[in-house]
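Welcome, and thanks for opening your viewer. Let's take a short walk through this model together, one selection at a time.

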Amino acid sequence: MKLHEEMLDGSTERKLIEALTNAATEVYGENFRPLVVVELFGIPRHRWGSGGAPATREAVQITLNMREAGLTRLDPAVLITSITEAATEVFGDQIREDVSVHLVGVPQGRSGVGGEVA
């Protein structure tokens, strides 16, 4: 998740990690929980912009990288909705229209762990 650095306050991080992990397990099941890795990237407000100007509103961008096959097992809208709800759970509903979710499907054989193709 990329978000404005100012949105991280020491307690928000734990809430985000829990909410995003829960969002994924609600869709894929409890067995998916150990596979969820959440990374929070705080970007100073003056380094984030759109439309040619620095950002004036709070915004978050969430990217979910997973095997492509995992994205074909369900309607992507279900996952996007679940992840968006997790962000609004932490930051409030006023951020909803500024939550951007990107699902990235990695083809089989295009990722690895420990030097081994997964």
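Begin at the largest pocket. Its lining is made up of 32 residues, and you can find its middle by selecting Phe-32, Leu-35, Leu-64, Asn-65 and Met-66, which lie nearest the centre. Keep in mind as you look that this is a predicted model.

Now colour the elements around the pocket. H1, E5, helix H2 (68–71), H3 and strand E7 (112–113) each give two or more residues to the lining. Which of them gives the largest share of the lining? Select E5: seven of the lining residues come from there.

Next, try colouring the lining by residue class. You should find 20 nonpolar residues, seven polar ones and five charged ones. The space in this pocket comes to about 960 Å³.

Zoom out for a moment to take in the whole chain. Its secondary structure consists of three helices and eight strands. Following the chain from the N terminus, you meet these elements in the order β-α-β-β-β-β-α-α-β-β-β. The C-alpha trace spans about 40 × 25 × 25 Å along its principal axes. Of the chain's 118 residues, 30% count as buried. If you count contacts between residues at least 6 apart in sequence, 70% of them join residues at least 24 apart.

Time to look inside. In soluble globular proteins, nonpolar side chains tend to be buried together. Here, the largest nonpolar core has 22 residues. Select Met-1, Leu-3, Val-60, Ile-62, Phe-91 and Val-99 to see the ones with the most contacts inside this core. Helix H1 (12–28), strand E5 (60–67), H3 and E6 each supply at least two of the core's residues.

Stay with Ile-62 and show what surrounds it. Beyond its neighbours within four places in sequence, Ile-62 touches Met-1, Leu-20, Ile-83 and Ala-87, along with Val-99, Ser-100, Val-101 and His-102.

For the last stop, select Asp-98. Where does Asp-98 lie? You will find it in the loop that runs between helix H3 (76–91) and strand E6 (99–106). Show side chains here and look for Arg-57: the side chains of Asp-98 and Arg-57 make a polar contact at 2.6 Å. Setting aside neighbours within four places in sequence, Asp-98 is in contact with Arg-57, Glu-58, Ala-59 and Val-60. Val-60 may look familiar, as it was among the core residues you selected earlier.

Key:
Residues are numbered from 1 along each chain as its sequence is written. This is a predicted model: local features need pLDDT of at least 70, side-chain atom pairs count only at pLDDT 80 or more; totals for chains, interfaces and linings use all residues. Side-chain values use heavy atoms; hydrogens and water are left out. Helices (H or I, at least four residues) and strands (E, at least two) are DSSP runs, numbered from the N terminus. A polar contact is a pair of N or O atoms within 3.5 Å; within protein, one must be able to donate a hydrogen and the other to accept it, and residues adjacent in sequence count only if both atoms are side-chain atoms. Contact means heavy atoms within 4.5 Å. A nonpolar core is a set of buried Ala, Val, Leu, Ile, Met, Phe, Trp, Tyr and Cys residues joined through side-chain atoms within 4.5 Å. Buried means under 20% relative accessible area, exposed over 50%, partly exposed in between (1.4 Å probe, protein chains only). On a 1 Å grid over the protein atoms alone, a cavity is a set of points where a 1.4 Å probe fits but cannot get out, and a pocket is an open set with protein on both sides within 12 Å along at least five of seven lines; lining residues have an atom within 4 Å of a point. Grid points are joined across faces, edges and corners, and a volume is the space filled by probe spheres set on the points. Ala, Val, Leu, Ile, Met, Phe, Trp, Tyr, Cys and Pro count as nonpolar, Asp, Glu, Lys and Arg as charged, and the others, Gly among them, as polar.
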